[in-house]
Structures are given as C-alpha cells and as structure tokens.
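Visitor: Could you walk me through this protein, starting from the picture?
Guide: Sure, here it comes.

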Amino acid sequence: MTATETAVPLLSIKAQNEGLADEIKAAVLRVLDSGAFILGPENRAFDAEFAAALGAKHCLGVDSGTSALELALEAVGVGPGDEVIVPSFTFIATATAVSVLGATPVFADVDEDTLTLDPRSVEKLITKKTKALVPVHLFGQPADMDALLALAKAKGLAVIEDCAQSHLAKYKGRATGTLGDAGAFSFYPTKNLGAAGDAGAIAVGGEALRDRILELRNCGRGIGSAYHHVRVGHNCRLDEIQAAVLRVKLRRLPEWTAARRRLAALYRERLAGLPLRLPPAGGGGTEPVFHLFTVRTERRDALAQHLKKHGIGCGVYYPLPVHLQPAYAALGGREGRLPVSERASREALSLPMFSELSEADAGRVCDAVRAFFK
Ligand SMILES: Cc1ncc(COP(=O)(O)O)c(C=O)c1O
C-alpha cells in the first residue's frame, strides 16, 4: 500500500450512517420527545412499511434476529423432543434458536454452489421427530426453496426462513421470508438493513401465527390487554427508537441493494478466470442481495494475509461449521460428516462489500486478488 492509498475496509457502517445522520437524529429525537418508547407508532409504521417492502402480509418487529428465529420456531410449535433441520454452515443462532426451545438441531449439509441448505442432505435426515426446516439464505443467496418447500409439504413440516442476510433477496419473484411459514430477519448493525443496535423482525403470512407471535413477544399478553396473559411469553419487543431508525434506513434499502448487486457484478467480471469459486450471479429465478461477497479457494489463509498486507479488509464467515462447534459437542458431530460445510469453512473468504464501496476501491480489491494468483 502506498502512503496516498487508504485501506479498503471489509464493511463500513459509518459510511452509510454519515449521509443519513440528520434524518436519523431527527427520528431519534422524535421518539424522545414523544415519550412513547414501547410498541408505539414507530413500531406500527415500521411493521407496515417492512411488510410492504417484502410483499408480506404481516411483519412484526422484535429485539434481534435471534429472537425472531426463536419466536417463529416456538410459534409453529417446536418444543422439547422435536428435531429441526438446519444447515451447519451458518451463524450459530440458526441452531441455538432450536436448542433454547428444548428441541434438537439436526445439521444438514449445504449446496456447493449457493452454500445454502441442500435438499438432498435434508431428505436423508427427516425422521418422525422432525418438526421444521430452517433454510438460511446465507450471504444473501436464496436457498433452493421449491425443493425444500416440497419436502416440507410432503412430510408436514414447518419452514422458518432465516433471512438475517437476505433483506429484499427474491426467489421466483417473491421476497425471501415470504415463502415459508415465517421469515426471521436480523437488523444487527452490519446487516443489509441495520439498526443502531440490536433489532429484528418476523414476516408471517397467516393470522393465527401472527397472533401467537404478537403474544409471545410481549410477555404472553393477550392481544390488546395489559395484564391478562394467555401464554408463557417473552419480552422480545422492538424498541421505538430502533423502529424509527430502521424506518429512515428502509427507504434507502432498494438503492443500497442495487449498489451491492453492481459491485457483485464488477467483482464477478474482474475476478473471472482465477482459480476462485465465486458466488452465483443470480438468474434462473434467484435475485441475491450479496450481504457478503464470499469467494472460495484452497489458499484462503494465504490470500487473506496477502489482502491484509495490501490494506484490503476481508473476513472468514464462518471458520467452523456449527456441527463441529464446542457448543454442540454433545450432539457428536464429527469431522467428515458434512463435507461441503467443512470445506466451505476452510475455503471461504469474504471480500469488501457495502453499498458505499466505490467502484475504484472494488477494482483495487480485484487487482490485489489478481496479483496474489499471478
Ligand atoms: C444467518 C444468521 N442467523 C441469525 C442471526 C442472528 O441475528 P442477531 O444477531 O440479530 O440476533 C444472524 C446475525 O448475526 C445471522 O447472520
């Protein structure tokens, strides 16, 4: 790196928020001035606006993506003794959401191309105890929903989509999160739509499921009642301040998504021909949103070192598949059982990707990658 060049970060929340600082501050002040902090007008407006953005019937804000998964799974009836099939190559919350309900996550392998839940692996793992599937639209790539929904239908299973990384991604014309029984979204600050802290939401199509989630997220209160509790619930409400911030940012999400897609196209073009596996471009019914642009190479660690030496940020998502995490040692996951997930953990490297990344900087990333393989 020469003295005049600045480093290219893997991502930058600051770059995104800077341009919106006045609007975000005004939104926060509006809530402070109103004195309505819990389940007020910002929540109601955000729920409606996010549902409209997805084309979902209903959308319910919650306090994190993890809570979104937990409540959605609980609402479809997952509990002690049940099994839920999840991909092993994901963030661990996909699995822990199952465990905290007293159910058992059963780890399936992912598809070599999309790194999302492989229906062929899922099929082999379905038992009498299986209650649900959790496809994860990892890195913003839609999972093979036709095959997964067909399997679920044939076996009477619920489908909860983990959309923590797939805001506005589409599968055959429909937004991820609207294809299964419910879609769990995270607004962790680094996500494609990020709050100013923890936040999440659940998209749901049916009224009965919506009402169960409304009760579960608000201490089991019957809808509209203050101290009448119809079930044992949780406190997983979305803060009004976060809802207000999210409303500002949601308005930009389509343009930010378009920028990510342009950058992904640039990467694909400029990295073509290298011994690297690139993420699918989309097409054939899928419209990915490139939460991360994750390439794969057997020389991953050396490439990461080379990029860092040249001032290019990069990250390993995820270095250990969940079935091999110490947290799940008791389930007996062994190396070799899920070969694609294990290989992906050894080979995956995410390159800089955020909507404010300039084409010039993305070009520098490509030059540095090309130089490595020369
Ligand atoms: C795939 C996936 N699932 C679930 C989560 C959990 O979301 P949160 O951090 O908002 O609880 C995340 C985010 O970190 C994620 O990437």
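What follows is a short round of questions and answers.

Guide: This is a predicted model, where local features need pLDDT of at least 70, side-chain atom pairs count only at pLDDT 80 or more, and totals for chains, interfaces and linings use all residues. Residues are numbered from 1 along each chain as its sequence is written.

Visitor: How many residues of domain 2 are in contact with domain 1?
Guide: Domain bounds come from an automatic or database domain assignment, and here they give domain 1 (16-108 + 115-250) and domain 2 (253-373). Contact means that two C-beta atoms, placed from the backbone, lie within 7 Å. On that basis, 27 residues of domain 1 touch domain 2, and the number on the domain 2 side is 30.

Visitor: Which strand and helix each supply at least two residues of the side of domain 1 that touches domain 2?
Guide: Helices (H or I, at least four residues) and strands (E, at least two) are DSSP runs, numbered from the N terminus. The two you want are strand S6 (170-171) and helix H9 (240-250).

Visitor: Which are the edge strands of the seven-strand sheet?
Guide: Strands pair if DSSP finds at least two bridges between them. The sheet is open, with mixed pairing and the order S1-S9-S8-S5-S4-S2-S3. An edge strand pairs on one side only, and that picks out S1 (58-62) and S3 (104-108).

Visitor: In S3, what is the bridge partner of Val 84?
Guide: Look at S2 (residues 83-87), which runs parallel to S3 and is joined to S3 by five bridges. Follow the bridge from Val 84 into S3 and you land on Pro 105.

Visitor: What span should helix H10 have at 1.5 Å a residue?
Guide: The expected span is 1.5 Å times one less than the number of residues. H10 (residues 253-270) has 18 residues, and its end C-alpha atoms are 26 Å apart, which agrees with the expected 26 Å.

Visitor: Why are the buried residues of H10 on the same side?
Guide: A residue is buried if 20 or more other C-beta atoms lie within 10 Å of its own, exposed if 12 or fewer, and partly exposed in between, with C-beta atoms placed from the backbone. In H10 the buried ones are Thr 257, Arg 260, Leu 263, Ala 264 and Tyr 267. An α-helix has 3.6 residues a turn, so residues three or four places apart point the same way. Going by the directions from the helix axis to the C-beta atoms, the buried residues of H10 are on the same side because they cover an arc of only 120 degrees.

Visitor: Which helix do the buried residues of H10 pack against?
Guide: They pack against strands S11 (293-296) and S12 (348-351) as well as a helix. From the other direction, what covers the buried residues of that helix includes H10, H11 (300-309) and S12. The helix is H13 (359-373).

Visitor: Is Leu 168 buried or exposed?
Guide: Leu 168 is in the loop between S5 and S6, and its phi is near 75 degrees, a positive value in a residue other than glycine. With 22 C-beta neighbours inside 10 Å, Leu 168 counts as buried.

Visitor: And Lys 172, buried or exposed?
Guide: Lys 172 sits in the loop between S6 and S7, with a positive phi of about 50 degrees although it is not a glycine. Because Lys 172 has 12 C-beta neighbours inside 10 Å, it counts as exposed.
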